[in-house]
Structure formats: structure tokens, C-alpha cells
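Have the viewer open and your selection tool ready. We will go through the model one selection at a time, with a short note on what to look for at each stop.

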Amino acid sequence: MLGLGLLVRLGRQVLAKPVADSGVLPAGFYRHLILAALEEEDFPGALHYLKWAGEPLLAQIIVLRLRLLSARHRDRLAAAQDLLRSEVSAARREQYQALLGEETRALKLLREYEVRALAHLGNPRPGLTEGGPSRAQSG
Amino acid sequence: MPKKDLSINGALVGGMAGWVAEVTIQEVTGHHVTSGLLELLGAAAGMWRLDKRLAQSLKDTLEQAQGSQDRDYQEVKRRIEELTRDLPELREILGNMVDAGISAQQA
């Protein structure tokens with residue numbers, strides 16, 4: 001027997017995402033989804049629903065959060081570079097190189113998210129100064 | 001005599017009936033229904049409280065901008081202004097929040 005619980009769950013799993021992705025739901029629902037994604041620092045999730053939220057402030061919040069996160073990663077990158085310069089052990093140098101690679105990748109990803117968020121504000125370019133505003137304040 | 005608005009007996013009977021219904025559905029279908037319903041209710045409640053959640057999101061953002069606890073409000077304000085030059089609406093809101101913090105600190 002096909003249970004009611006199974007139907008409810010199946011309905012949610014099968015229909016929830018396609019219906020939400022169709023953009024037909026009220027803007028308030030998308031704002032709810034974006035805020036929920038932001039609470040978990042799920043930037044791709046938040047960006048995905050941004051176009052249906054009709055709330056520029058949410059895009060601005062996402063941009064600022066991304067810039068703050070970028071600043072943190074930039075600090076870590078600088079710290080790893082300092083450590084790499086002063087390290088003589090080959091094994092350690094390899095570890096720091098790996099860390100540098102990861103931080104660089106993270107920064108690149110965050111920059112891509114920032115570009116996507118800014119596009120919702122009619123500003124396709126990230127940052128205000130060379131290297132972005134987060135570089136200006138990261139020191 | 002004041003009007004009686006709450007019924008302990010009613011609540012107990014209602015709670016028991018709900019529990020029996022849940023167990024019955026679970027036994028017959030083998031699935032939990034209430035968790036799904038509670039999730040839907042939670043989402044609905046989340047939507048009703050959008051303004052509050054937006055305010056909380058702004059507060060969280062401000063806390064993230066503050067970084068370490070020893071950073072003073074003027075420094076936080078400077079940092080926010082630096083980062084939100086192209087985000088006027090957010091800059092104004094966060095600026096007001098920081099100003100309120102400065103005023104509270106001075107009071």
C-alpha cells in the first residue's frame with residue numbers, strides 16, 4: 001500500500017525543486033529560501049533564487065558577505081605566503097603550497113559568486129578598486 | 001467568574017488523539033507524516049517572519065564585518081563604508097545600525 005507519508009515525501013522531493021525553479025512562487029518564498037541559504041553560507045543556493053526574490057537588498061547582503069569572506073581568505077593567503085617564504089623544509093613547503101592553491105581557488109570561486117550577485121544589481125564588475133574592495137580593507 | 005479559555009483536559013485529549021492518529025498512520029503506511037508537515041509549517045512560519053529574518057541577516061552581516069570583538073564601532077563603520085561603496089542601500093542601513101551602536105556605547 002502506497003502510504004500517505006510516502007506520497008507527501010515523494011511529492012515534496014519530486015515537485016518542490018522543479019516548482020521552486022520555475023519561478024512561479026511568490027517572491028516572499030524565494031526571499032525565505034535565500035535567507036535560509038545565507039544562514040548556512042550556501043552562496044550558490046542563495047544566488048540561484050535571487051532573480052525571483054525581487055529584493056535588491058538581499059543581493060547587496062550577499063555581495064558584502066562574499067567580500068568579507070574574501071578578505072578572510074586573502075589574509076590566510078598572505079599568511080601562507082609568509083610561512084612559505086620562511087620555511088626551508090621541503091615537506092612543509094609542499095603543505096604551504098597546497099594551502100596556497102586552496103586559498104587561491106577559494107578566492108576565485110568567491111569572486112565568481114560576487115560577479116553573479118552584482119549582475120543582479122546591474123553592476124557586472126566585482127570590486128571598486130583594483131583587486132576589489134576587500135583587498136583595500138584586508139590589511 | 002472569569003471566562004475559562006484553556007482546557008487542560010481538552011489539550012490532553014487532543015494531544016492523545018493526535019498521537020494515536022500519528023501512530024496509526026505510521027503503522028499503516030510505514031512512514032512518518034508529521035515530520036514532513038512540520039517542515040512545511042516551519043517554512044511557512046519562516047516566510048511569515050521574513051522581516052525579522054532579514055533584520056537578523058543584517059545583524060549577522062554586521063557581526064561578520066566586526067570580525068574580532070575588540071574592533072570598535074568607528075573601525076567597523078569605516079570597514080563597511082569601504083566595502084559597500086557600490087551598495088548604497090546596504091551601506092545606509094548598516095551605517096545606521098553602527099551609529100546606533102556608537103550612541104549606545106556613548107550613553
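## A walk through the model

Start by selecting chain A, where 32% of the 139 residues are buried. Keep in mind that what you see is a predicted model. The predictor assigns the complex an ipTM of 0.72 and a pTM of 0.70.

Switch on the cartoon view for chain A: you should find 6 helices and 0 strands. From one end of the sequence to the other, the pattern reads α-α-α-α-α-α. If you draw a contact map of chain A and keep pairs with a separation of 6 or more, 55% of those contacts join residues 24 or more positions apart.

**Stop one: helix 2 of chain A.** Select residues 27-39 of chain A, the 13 residues of helix 2. Put a distance between the first and last C-alpha atoms of this helix, and it comes to 18 Å, close to the 18 Å expected at 1.5 Å a residue. Which residues of helix 2 are buried? Colour Phe29(A), Tyr30(A), Arg31(A), His32(A), Leu33(A), Ile34(A), Leu35(A) and Leu38(A) to see them. Then step just past the helix to Glu41(A), which takes a positive phi of about 55°.

**Stop two: Glu103(A).** Move on to helix 5 of chain A, residues 90-119, and pick out Glu103(A) within it. Is this residue buried or exposed? Glu103(A) counts as buried because 20 other C-beta atoms lie within 10 Å, and the cut-off for buried is 20 or more. Now show its partners: leaving aside residues up to four places away in sequence, Glu103(A) touches His73(A), Arg76(A), Leu77(A) and Ala80(A). Take His73(A) as one of them; 30 residues separate it from Glu103(A) in sequence, yet the C-alpha atoms are 6.1 Å apart.

**Stop three: chain B.** Switch to chain B and colour by pLDDT. The average here is 76, and 66% of the residues score at least 70. Which elements of chain B mark the two ends of the scale? Helix 2 (residues 34-48) has the lowest mean pLDDT, 61, while helix 4 (residues 73-83) has the highest, 89.

Last, select helix 3 of chain B, residues 50-66. Its 17 residues should span 24 Å at 1.5 Å a residue, and the end C-alpha atoms are indeed 24 Å apart, so the two figures agree. Just after this helix, click on Gly67(B) and read its backbone angles: phi is positive, at about 65°.

Terms used. Residues are numbered from 1 along each chain as its sequence is written. Chains are lettered from A and ligands numbered from 1 in the order in which they are written. This is a predicted model: local features need pLDDT of at least 70, side-chain atom pairs count only at pLDDT 80 or more; totals for chains, interfaces and linings use all residues. Helices (H or I, at least four residues) and strands (E, at least two) are DSSP runs, numbered from the N terminus. A residue is buried if 20 or more other C-beta atoms lie within 10 Å of its own, exposed if 12 or fewer, and partly exposed in between; C-beta atoms are placed from the backbone. Two residues are in contact if their C-beta atoms, placed from the backbone, lie within 7 Å. The expected span of a helix is 1.5 Å times one less than its number of residues. pLDDT is the predictor's confidence in each residue, from 0 to 100.
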